[in-house]
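Here are my notes for you, written as numbered points. Keep the structure open beside them and find each residue as you read.

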Amino acid sequence: MPYHRIKDLREDADLSQRQIAEILHMHKTTYRRYEAGEREIPLNIAILLANHYKVSLDYLAGLANQK
């Protein structure tokens with residue numbers, strides 16, 4: 001999964017890592033690791049991110065360039 005996409009989406013939404021971690025009900029460190037590519041993003045979190053940013057899972061996974 002291209003982890004830069006979740007960072008780009010977060011920055012485009014003017015959210016901090018702490019804010020998106022709170023939205024996802026997780027610790028900031030856990031989210032930071034997803035964004036840095038240090039941890040795989042679980043499907044349920046990917047679905048929450050896609051819904052929050054109103055993009056497809058294919059876009060998050062790098063399978064599509066259209067949001």
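1. Start with D14, which sits in the loop between α1 and α2. This is a predicted model, so treat what follows as a reading of a prediction. The phi of D14 is near 55 degrees, a positive value in a residue that is not glycine. Is D14 buried or exposed? D14 is exposed, because its relative accessible area is 68%.

2. A second residue with a positive phi is H25, at about 60 degrees, and H25 is not a glycine either. Look for H25 in the loop between α2 and α3. With a relative accessible area of 74%, H25 is exposed. The cut-off for that word is over 50%.

3. Back in the loop between α1 and α2, you will also find S16. S16 has a relative accessible area of 29%, so the label here is partly exposed. Now try a distance: S16 and K28 are 12 residues apart in sequence, and their C-alpha atoms are 9.6 Å apart in space.

4. Q17 belongs to helix α2. Its relative accessibility is 17%, and Q17 therefore counts as buried, given that buried means under 20%. How far apart in space are Q17 and H27, C-alpha to C-alpha? The answer is 9.6 Å, for two residues that are 10 apart in sequence.

5. Helix α2 also holds Q19. Q19 is partly exposed, at a relative accessible area of 37%. If you want a longer stretch of chain to think about, take Q19 and N51: they are 32 residues apart in sequence, and 16 Å separates them in space, C-alpha to C-alpha.

6. Next, the inside. The largest nonpolar core has 19 residues, and the ones that touch the most other members are Y31, I41 and L49. Which elements give two or more residues to this core? They are α1 (3–12), α2 (17–23), α3 (28–36), α4 (43–53) and α5 (57–61). The biggest contribution comes from α4, which gives 5 residues. Try colouring these helices one by one while you look.

7. On to charges. How many salt bridges does a search of the whole structure find? It finds 2. In one of them, the side chains of E35 and R10 meet, with 2.7 Å from N to O. E35 is in helix α3 and R10 is in helix α1, so this pair ties together parts that lie 25 residues apart in sequence. Check how covered the partners are, too: E35 is buried at a relative accessible area of 10%, and R10 counts as buried at 8% relative accessibility.

8. The other salt bridge to look up joins E38 and R32, whose closest N and O atoms are 3.5 Å apart. R32 lies in helix α3. At 31% relative accessibility, R32 counts as partly exposed, because that label covers values between the 20% and 50% cut-offs. R32 also makes a handy ruler: the C-alpha atoms of R32 and L48 are 16 Å apart, and the two residues are separated by 16 positions along the chain. Don't mix up those two numbers, as one is a distance in Å and the other counts residues.

9. Now for rings. How many aromatic pairs does a search of the whole structure find? The count is 0. There is still a ring to look at, though: R5 lies over the face of Y59, at 4.1 Å from the ring centre. Turn the view until you look straight down on the ring of Y59, and find R5 over its face.

10. Finish on the surface. L43, I47 and L57 make a nonpolar surface patch of about 260 Å². Of these residues, L57 is placed in helix α5. Is L57 buried or partly exposed? L57 counts as partly exposed, because its relative accessibility is 36%. Show L43, I47 and L57 together as a surface to see the patch they make.

Key
Residues numbered from 1 in each chain as written. Predicted model: local features only at pLDDT ≥ 70, side-chain atom pairs only at ≥ 80, totals over all residues. Heavy atoms only, no water. Core = buried A, V, L, I, M, F, W, Y, C linked by side-chain atoms within 4.5 Å. Buried < 20%, exposed > 50% of the residue type's maximum accessible area, 1.4 Å probe, protein only. Helix = DSSP H or I, 4+ residues; strand = E, 2+ residues; numbered from the N terminus. Phe/Tyr/Trp six-rings, centres within 6.5 Å; stacked < 30°, edge-to-face > 60°. Lys NZ or Arg CZ within 6 Å of the ring centre and 35° of its normal. Patch = residues over 30% accessible without salt bridge, like charges linked within 9 Å, V, L, I, M, F, W, Y side chains within 5 Å. Areas by Shrake-Rupley, 256 points an atom, 1.4 Å probe, with all protein chains shown as cover. Salt bridge = Lys/Arg side-chain N within 4 Å of Asp/Glu carboxyl O.
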